[in-house]
Amino acid sequence: MTEARGEIFDIGYQHYDGPRNGRLHAVWSLWMNGFRTTLGLGRGTLAKLLPFGMLIATVAPAVGVVLLATIFGPEEDIIPSHEDYYGLISILLLLFSAIVAPELIIPDRRSGVINLYLVRPITAIDYVAARWASFLGLSLILVYSGQVLLLIGFLLTAGDPVDYLRDNWLDIPKFLAAGALVALFVTTIPLAVSSFTTRRTYAAAVVIAVFVISVPVAGMLTSSDCEFSERTTSEGANVQTSRCEYVTGDAAKWFALLDVGRAPIILSNMIFDAEGTGDPVWRLIDAHHPSIPILWYALLVLGPGALLFLRYRRMTI
Amino acid sequence: MTGPTAGRPLLQSNSLTKRYGDTLALDSVDIQVFDGITGLLGPNGAGKSTAMKLFLGLLSPTSGTAEVLGEKPYENVEVRARLGYMPEHDCLPDAITASEFLGHMAQMSGIPAVAARTRAADILRHVGLDEERYRHIKEYSTGMKQRVKLAQALVHDPVMVLLDEPTAGLDPGGREEMLQLIRRTGREFGISIMLSSHLMGDVESTCDRIIVIEGGKIIEQGTVSQFTQETETLVIDVDDRRDEVVAALQGRGIEAAIDGLSIVVQRQSEEQFDDIRDAIVEADARLRRLAPSRGQISDIFRRTSA
């Protein structure tokens with residue numbers, strides 16, 4: 001029998017003479033790294049719990065709606081539709097982005113890794129754009145996954161899927177457009193807040209506080225004293241009417257906009273041509289010319305976005 | 001090292017000036033750095049870090065130019081793909097393995113994904129972290145983290161690496177290991193190095209050339225041997241009776257002075273050695289050493305402050 005023999009050689013340091021990619025590849029790598037970071041990929045089980053838990057939580061309402069649709073049919077009024085979905089999951093999305101978005105940029109500054117990124121062949125703007133795009137990618141997955149599940153569920157539970165699609169195909173571009181607006185919103189504000197602190201908990205607390213506190217603040221400033229009366233129409237029908245005096249008078253409709261978390265949902269409703277929930281804040285927002293909520297949304301996204309990019313533009317090690 | 005960069009400077013500055021408000025950090029500095037290991041030596045606040053940031057393209061000069069491989073890095077960031085940088089301070093993530101981190105850093109410098117993983121494994125082996133490469137960085141000692149910092153600067157096979165105070169925070173053993181690794185990087189791997197330090201010993205034992213910077217100005221530059229060559233001073237060490245030896249030397253017309261525990265005389269001729277021998281015999285002193293003194297890098301700072 002021959003004896004197997006092997007030798008290990010130390011061939012020393014080897015220079016790299018393969019292909020080298022440019023700046024776009026570096027930005028792509030950073031985007032991919034950010035995406036993996038937010039999902040906790042390549043990390044322990046604990047790091048995956050929150051993102052995957054949130055993914056399940058945002059899809060869960062869609063599963064519930066599909067179950068209802070199997071019982072009642074997809075076009076029954078009782079079944080929430082594509083237009084209602086972002087309203088249903090908006091609070092979950094806001095919470096998720098408040099907690100997870102800071103994870104993308106704060107540890108880089110806190111640990112000093114940003115010093116290594118900024119000496120790679122990218123600019124500081126490339127860095128922050130890649131990080132922003134990473135979280136936008138995840139947000140898009142979150143907002144669309146439930147809608148896609150709803151669509152599949154409605155198609156499967158409809159008596160005639162082809163008829164259903166012919167009658168409702170416009171919902172698809174609508175939920176894509178509205179979802180993009182929701183994702184842009186929940187991406188930009190938390191990242192902008194995160195660029196001003198090196199503590200993830202502070203960033204999360206500020207974002208949650210802004211979204212949560214703005215609800216009662218807007219509610220308080222738009223509270224009203226209403227008088228209800230009944231009158232009989234010429235056809236003999238009884239109609240109930242109300243006359244409300246807002247505590248902040250005519251300014252109430254502007255204070256209604258202070259419920260910032262509602263900004264993308266207002267635009268979603270505009271895209272779907274849907275009614276609001278009918279609460280006083282919705283009624284006041286409806287009283288505005290449509291350009292006002294659009295401008296307000298643009299301000300809420302572009303303002304923090306500009307702050308985020310300005311903050312990093314001046315960053316050096 | 002020979003190669004495409006042989007003969008032309010890797011780093012070059014012309015009248016490089018950087019001003020932060022009223023503070024002049026660099027004042028019309030001209031530097032040329034070629035292949036090999038170059039030490040940028042100077043006290044804290046001398047302008048070393050500012051010079052490094054200008055060469056990395058993180059700052060733009062107030063006036064003058066800073067070029068890396070013929071490109072201005074503050075105008076063309078892509079040239080950084082051929083540079084490595086090891087910062088002085090902490091810069092490593094905690095929650096990932098060294099292997100994954102280095103693979104990512106290689107990709108960030110343009111290496112495709114598969115090659116990046118291979119390079120990461122190779123470099124971690126070269127810096128002595130082969131066995132630990134799948135451990136999370138937070139579990140590493142200070143010395144191991146310092147090696148990861150060096151590894152990330154080398155993983156994309158740069159033409160040159162800039163090391164900012166690479167031995168900061170290390171104990172004497174760790175410091176010597178790091179200096180050895182730097183020497184290997186420069187001499188065996190053929191990667192040129194610019195090393196900034198305020199520790200003369202580190203620079204003297206590691207570098208081929210030295211640039212001494214103080215108050216934003218270059219005060220000396222040259223090879224290490226140029227600064228440490230023999231001087232025209234002779235040093236005489238005797239066990240005792242120093243005063244008597246000095247008197248005997250002066251009696252023979254030799255100017256001598258006591259400097260610490262040694263006697264120093266200015267070297268004049270070969271015959272002088274006979275006179276010195278006779279003076280020691282006359283003073284009945286026991287000779288320990290008679291040798292020409294060597295220059296020290298610290299002399300540069302003494303001359304400057306004088």
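**Entry 1. The six-stranded sheet of chain B**

I began with the open sheet of six strands in chain B, whose order is E5-E6-E7-E3-E8-E9 and whose pairing is mixed. I note at once that the model is predicted. The edges of this sheet are strand E5 (83–86) and strand E9 (217–223) of chain B; each has a single partner strand, so one side of each is left without a neighbour in the sheet. From one strand to the next I recorded an average twist of 15°.

I then looked up how strand E3 (residues 37–41) of chain B is joined to strand E8 (residues 209–214) of chain B. The two run parallel and are linked by four bridges. Which residue in E8(B) is the bridge partner of Thr38(B)? I found Arg209(B) in that place.

**Entry 2. Helices H4 and H5 of chain B**

I next turned to H4(B), which lies across E5 and strand E6 (160–164) of chain B and runs at about 165° to E5(B). Helix H4 (residues 142–154) of chain B also packs with helix H5 (residues 172–187) of chain B, at an angle of about 15° and with the axes 11 Å apart. H4(B) and H5(B) are therefore roughly parallel to each other. I entered their crossing as right-handed.

On the H4(B) side, the contact is made by Gln146(B), Arg147(B), Leu150(B) and Leu154(B), and on the H5(B) side by Glu177(B), Met178(B), Leu181(B) and Thr185(B). I sorted the residues of this contact by class and obtained four nonpolar, two polar and two charged.

**Entry 3. The three-stranded sheet of chain B**

I also examined an open sheet of three strands in chain B, with the order E2-E1-E4 and antiparallel pairing. Strand E2 (23–33) and strand E4 (63–68) of chain B are at its edges, each with a single partner strand, so each has one side without a neighbour in the sheet. The twist here averages 25° from one strand to the next.

Strand E1 (residues 11–20) of chain B pairs with E4(B) in the antiparallel sense over five bridges. Opposite Thr17(B), I found Ser63(B) in E4(B). Helix H1 (residues 48–56) of chain B packs on this sheet and touches E1, E2 and E4 of chain B; the direction of H1 makes about 115° with that of E1(B).

**Entry 4. The domains of chain B**

I looked up the division of chain B and noted domain 1 (11–223) and domain 2 (229–305). The C-alpha centres of these two domains of chain B lie 42 Å apart.

**Entry 5. Two helix pairs in chain A**

In chain A, I looked up helix H3 (residues 82–100) and helix H6 (residues 124–157), which pack at an angle of about 150° with axes 11 Å apart. H3(A) and H6(A) are therefore roughly antiparallel to each other. H3(A) passes H6(A) in a right-handed crossing. Among the residues that meet are Tyr85(A), Leu93(A) and Phe96(A) in H3(A), and Phe135(A), Leu142(A) and Phe154(A) in H6(A). I recorded 13 nonpolar, four polar and no charged residues in the contact of H3(A) with H6(A).

For the second pair, I took helix H8 (residues 171–194) and helix H11 (residues 263–272) of chain A, whose axes come within 9 Å and cross at roughly 165°. That angle makes H8(A) roughly antiparallel to H11(A). The crossing of H8(A) and H11(A) is right-handed. The contact includes Asp171(A), Lys174(A) and Phe185(A) of H8(A), and Pro264(A), Ser268(A) and Phe272(A) of H11(A). By class, I noted eleven nonpolar, one polar and two charged residues in the contact of H8(A) with H11(A).

Technical notes:
Residues are numbered from 1 along each chain as its sequence is written. Chains are lettered from A and ligands numbered from 1 in the order in which they are written. This is a predicted model: local features need pLDDT of at least 70, side-chain atom pairs count only at pLDDT 80 or more; totals for chains, interfaces and linings use all residues. Side-chain values use heavy atoms; hydrogens and water are left out. Axes are lines fitted to C-alpha atoms, for helices over the stretch in contact, and angles run from 0 to 180 degrees between N-to-C directions. Angles under 35 degrees count as roughly parallel, over 145 as roughly antiparallel, 65 to 115 as roughly perpendicular and the rest as oblique. A crossing is left-handed if the near helix is turned anticlockwise from the far one by less than a right angle, and right-handed if clockwise. Contact means heavy atoms within 4.5 Å. Ala, Val, Leu, Ile, Met, Phe, Trp, Tyr, Cys and Pro count as nonpolar, Asp, Glu, Lys and Arg as charged, and the others, Gly among them, as polar. Domain bounds come from an automatic or database domain assignment. Two strands pair if DSSP finds at least two bridges between them.
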